[in-house]
Amino acid sequence: MPIQFIRSSLFASPKNLLRTLFLVTKLRSLAMGSYTASSQSSKLFFRQLFEKDSSTYTYLLADVSHPDKPALLIDPVDKTVDRDLSLVKELGLKLIYALNTHVHADHITGTGLIKTKSPGVKSIISKASGSKADILVEPGDKVSFGDLFLEVRATPGHTLGCVTYVTGDGLDQPQPRMAFTGDVLLIRGCGRTDFQGGSSVQLYKSVHSQIFTLPKDTLIYPAHDYKGFSVSTVEEEMLYNPRLTKNQETFKGIMENLNLAYPKMMGIAVPANMVCGLQDTTS
Ligand SMILES: [Fe+2]
């Protein structure tokens, strides 16, 4: 957009003024390399990362308008910790938190390794998970990084301690909002409910009361995807999720008849993740 147009439109009308301010902010963000298609916030840096063996998504978020560029990682995987930490370093971010949405059964969390390689980073998991971490969060808690924050919502059902982290509600927070749902809500699916304190009825209630009540344009970022999807919205899942659009009884029946084998990594991953990946896993 020509600078001249931006200047002249400044005086055209209040509507144009707002539009111009948005465009200037967007252009500045593009120049900084921090703009993402998923958010119009000029402050949020956001990156979705993937670990192919367990089809796990790790999310990097940072407040790049803050002088320290404080950052956090959601659901890091041990195998990709070096990749994630290199990216953080290259981008000049300061990693302060490594969060888990729940105790994973299919891979070992990267939080333990991150703490070893990057001292000062604090691990976070829900108190309800019964796991060890530097910070144990409860529903309603806020995880702040710079001027941005994540809200903690209890979404049990896949495991007893599952939480969903949702970006803040407010004009100075990313719009649309973003929900990091772990395994409770996947794109056109949901996590299994047959172990780790899982409950299909609880999962159904969690999704309907804690996620489907968010604004319809809220972006859904799950912990896994096995079909090549990367993001969805509350509205899409309310319309097209083949399981959670059913009534509770039908949903319960679907979940009781999945007959899934236990994850290959379960015997190793669960004990390791109960201590945020800090146990010796080399043996
Ligand atoms: Fe899981």
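**Notebook: loops, strands and one helix pair**

I started with Lys 69, which I found in the loop between S2 and strand S3 (70-74). I'm working on a predicted model here. Lys 69 is not a glycine, yet its phi is positive, at about 50°. Buried or exposed, or something in between? I counted 19 C-beta neighbours inside 10 Å, so Lys 69 goes down as partly exposed; buried would take 20 or more.

Next I looked for another non-glycine with a positive phi and noted Gln 196, at about 55°. Gln 196 is in the loop between S10 and H5. The C-beta count inside 10 Å is 19, so I wrote partly exposed for Gln 196.

**The S1–S2 hairpin**

I went back along the chain to strand S1 (residues 44-51) and strand S2 (residues 56-63). These two pair in the antiparallel sense, and I get eight bridges for them. I checked one partner: Phe 45 bridges to Ala 62 in S2. How many residues sit between the strands of this hairpin? There are four, and Ser 55 has a positive phi near 50° in the hairpin.

**Between S9 and S10**

Then I turned to the loop that runs from strand S9 (163-167) to S10, where I placed Asp 169. Asp 169 has 12 C-beta neighbours inside 10 Å and therefore counts as exposed, the limit for that being 12 or fewer. I also took a C-alpha separation: Asp 169 to Glu 151 is 8.6 Å, with their positions 18 residues apart along the chain.

Pro 176 is in the loop between S9 and S10 too. Which form does the peptide bond from Gln 175 to Pro 176 take? I read it as cis, with omega near -5°.

**S10, S11 and Ile 187**

I followed the chain into S10 and looked for its pairing with S11. The two strands run parallel and are joined by four bridges. Met 178 has Leu 219 of S11 opposite it.

For strand S11 (residues 219-222), I asked which residues cover each face. Leu 219 and Tyr 221 lie on one side, Ile 220 and Pro 222 on the other, and all of them are buried.

Ile 187 came next, in the loop between strand S10 (178-182) and helix H5 (200-211). I found 23 other C-beta atoms within 10 Å of Ile 187, so this one is buried. What does Ile 187 touch, leaving aside neighbours within four places in sequence? My list is Ile 220, Pro 222, Asp 225, Phe 229 and Ser 232. Two of those names were already on my page, since Ile 220 and Pro 222 share a side of S11. I also noted the C-alpha atoms of Ile 187 and Tyr 226, which are 9.4 Å apart although the residues are 39 apart along the chain.

**H5 against H7**

Last, I looked at how H5 packs on helix H7 (residues 248-256). The angle is about 130° and the axes are 9 Å apart. That angle is why I call H5 oblique to H7: it falls outside 65 to 115 and is not over 145. The crossing of H5 and H7 is right-handed. Which residues make the contact? From H5 I have Ser 200, Val 201 and Tyr 204; from H7, Gln 248, Phe 251, Lys 252, Met 255 and Glu 256. Sorted by class, the H5 and H7 contact comes to four nonpolar, two polar and two charged residues.

Methods. Residues are numbered from 1 along each chain as its sequence is written. This is a predicted model: local features need pLDDT of at least 70, side-chain atom pairs count only at pLDDT 80 or more; totals for chains, interfaces and linings use all residues. Two residues are in contact if their C-beta atoms, placed from the backbone, lie within 7 Å. Axes are lines fitted to C-alpha atoms, for helices over the stretch in contact, and angles run from 0 to 180 degrees between N-to-C directions. Angles under 35 degrees count as roughly parallel, over 145 as roughly antiparallel, 65 to 115 as roughly perpendicular and the rest as oblique. A crossing is left-handed if the near helix is turned anticlockwise from the far one by less than a right angle, and right-handed if clockwise. Ala, Val, Leu, Ile, Met, Phe, Trp, Tyr, Cys and Pro count as nonpolar, Asp, Glu, Lys and Arg as charged, and the others, Gly among them, as polar. Two strands pair if DSSP finds at least two bridges between them.
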